[in-house]
Amino acid sequence: MLGRIIINKSRNIINKLNIKFSTNILPNYQQCIPNILKWNGNINNIESLILYEDNHLLVLYKPSCVLMQGDMKNNENLLNMCKKYLQIKYEKPGSAYLGLVHRLDRVTSGVCVFAKTSKAAARLSLAFRNRNVTKYYQCVINGVLKEKQGELSHLLIKSNELRTHVLELNQGSNRIDTVTGVLKYNTLYANIGNNPNQSQSLVAVELETGRKHQIRAQFSYINHPIVGDVKYDAPQRLKTRDIALHASVLSFQHPTTHVQVCSEMECCDWECFYIYTYIYLYIYIPVCVTIYIIASIYRWYLKLHHLLVGRSVLA
């Protein structure tokens, strides 16, 4: 290995905005997300999404609710927008080549990579098929996992309902339409709250296999669906119509230089996240409780005072 290219936008430019994960994890707290998310859907501004570019690769951030490639309805998609961007930037007379080597779900945000040459596309596609690519995700799930970290291994089946069904490993061993889905998880933060039904957890996920809807289906199967993912049994939809799932790390070998390319983009600044968590749990809540107790005592004191004054007047 000749070296390593580190692409990390999450620590450099921070802008306070609302993020889709701001559900019940930290009430009344605006989490920090990269300035890159100010993209407005205009192809003239798509350069703000690019994390890394050379003659062979285009690594960029995919916003949620944006298609990776075209669909039957000819909706605008990231692949076509990037082709138009390359055509304008390099003044190409015809359509620019851009190879799709992997996909992210429409409702998922995060790091993705396109190939700018056919050779790079073939080599990257082979790397994804051979599982020589490291993929990490961050997601918010409903509930709190019994084990803080562990591994999920199931059999996955595609259905005509455009969703993936999950079986235990010993249930579908004789079926030929199943594939194995394996992932590792680690709970970063859990908000239990007063009502267990409203509890949520922030979880880091490492994919060992890259199956369609794998993370969504497996967490739903163990009764911890991703926040906002009503397709996989989440209790309610997010207002932004996306889900709390973010592809945070994509690491692979460069198809021509063989340098390890590691693109990291966290959905928020976790150092800031933990500071505000500490303030909320150990300062804000105790102060509010103390004020409530003092106010209650004072209210009962006034009632008792008026009662005693009333009796003295009658006497």
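Me: Is His224 buried or exposed?

Reply: Relative accessible area decides this, with under 20% as the cut-off for buried. In this predicted model, His224 has a relative accessible area of 14%, so His224 is buried.

Me: Where in the chain is His224 placed?

Reply: Start with the flanking elements. His224 is in the loop between α3 (214-221) and β13 (245-253).

Me: Which residues is His224 in contact with, leaving aside its neighbours within four places in sequence?

Reply: Set the sequence neighbours aside, then list what remains. For His224 the list is Ile141, Asn142, Gly143, Val144, Leu145 and Phe219.

Me: Which backbone oxygen lies 2.8 Å from a polar atom of the His224 side chain?

Reply: Here, look at polar atom pairs. The oxygen belongs to the backbone of Asn142. Asn142 is also among the contacts of His224 listed above.

Me: What does the whole protein look like in terms of helices and strands?

Reply: Count the elements. There are four helices and 14 strands. Then check burial: 44% of the 315 residues count as buried. For contacts with a separation of 6 or more, 65% are between residues 24 or more positions apart.

Me: What is the mean pLDDT of the protein?

Reply: The mean is 78, and 75% of the residues reach 70 or more. Now look for weak stretches. Residues 8-39 stay under 50, yet the model has 101 contacts for them beyond four places in sequence. Residues 268-275 are also below 50, with 20 contacts beyond near neighbours in sequence.

Me: How should such stretches be read?

Reply: Where pLDDT is low, do not read the predicted coordinates in detail.

Technical notes: Residues numbered from 1 in each chain as written. Predicted model: local features only at pLDDT ≥ 70, side-chain atom pairs only at ≥ 80, totals over all residues. Heavy atoms only, no water. pLDDT = per-residue confidence, 0-100. Contact = heavy atoms within 4.5 Å. Helix = DSSP H or I, 4+ residues; strand = E, 2+ residues; numbered from the N terminus. Buried < 20%, exposed > 50% of the residue type's maximum accessible area, 1.4 Å probe, protein only. Polar contact = N/O pair within 3.5 Å; in protein donor to acceptor, adjacent residues only side chain to side chain.
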